[in-house]
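Dear colleague,

I am handing over the structure that we spoke about, and below it you will find some notes on its charged side chains. Please read them with the sequence and the model open beside you.

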Amino acid sequence: MSEKKGKKKNVVLEVEEEDFSLNDLLLRGRISASAIEKELPSGDKVVEFRLIVSRERRDGVDTLDIGAWSAQSRRIALTLKPDEWVEVSGAIHRRFWTGAGGLASRWQVEAVEISRI
């Protein structure tokens with residue numbers, strides 16, 4: 001009788017973990033000052049402005065940095081006037097760059113849509 005030697009197969013099942021994260025926001029506030037257009041070293045253009053948002057449960061306000069990256073949102077951002085009320089939808093991102101002091105970063109809301117209210 002011949003004997004068969006079986007080979008063991010290592011089967012690795014990859015379990016895909018579901019990702020429930022969401023980076024979607026809606027802000028309403030007042031424009032603090034006129035927007036500024038910048039051209040980055042990469043050649044990309046961004047229009048930046050600040051939005052003043054009242055705090056819900058405490059006194060005071062938060063001033064948030066908003067970046068308009070698409071051509072349409074840049075056009076709209078450049079027409080905004082100080083103290084004008086707007087609604088901004090988008091997502092928050094952390095931007096990194098190399099400055100004179102080394103690596104630097106800041107949080108910025110990337111505006112997908114900007115509308116006056």
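**Salt bridges in the predicted model**

Arg95 and Glu110 form a salt bridge through their side chains, with an N to O distance of 2.9 Å. This pair links distant parts of the chain, since Arg95 belongs to strand 5 while Glu110 belongs to strand 6 (residues 102-116), and the two are 15 residues apart. Arg95 is partly exposed, at a relative accessible area of 24%, and Glu110 is also counted as partly exposed, with 24% relative accessibility. Please keep in mind that this is a predicted model, and that the distances and accessibilities quoted here are computed from it.

Beyond that pair, salt bridges with shared partners bring Lys38, Glu48, Arg50, Asp65 and Arg106 together in one network. In the whole structure, the search finds 10 salt bridges.

Another of these pairs is Arg28 with Glu87, whose closest N and O atoms are 2.6 Å apart. Arg28 sits in strand 1 (residues 25-31) and Glu87 in strand 5 (residues 85-99), so this salt bridge ties together parts of the chain that are 59 residues apart in sequence.

A further salt bridge is the one in which the side chains of Arg55 and Asp62 meet, at 2.8 Å from N to O. Are its two partners buried or exposed? Arg55 has a relative accessibility of 31% and therefore counts as partly exposed, and Asp62, with a relative accessible area of 31%, is partly exposed as well.

With best regards

Note on methods: Residues are numbered from 1 along each chain as its sequence is written. This is a predicted model: local features need pLDDT of at least 70, side-chain atom pairs count only at pLDDT 80 or more; totals for chains, interfaces and linings use all residues. Side-chain values use heavy atoms; hydrogens and water are left out. A salt bridge is a side-chain nitrogen of Lys or Arg within 4 Å of a carboxyl oxygen of Asp or Glu. Helices (H or I, at least four residues) and strands (E, at least two) are DSSP runs, numbered from the N terminus. Buried means under 20% relative accessible area, exposed over 50%, partly exposed in between (1.4 Å probe, protein chains only).
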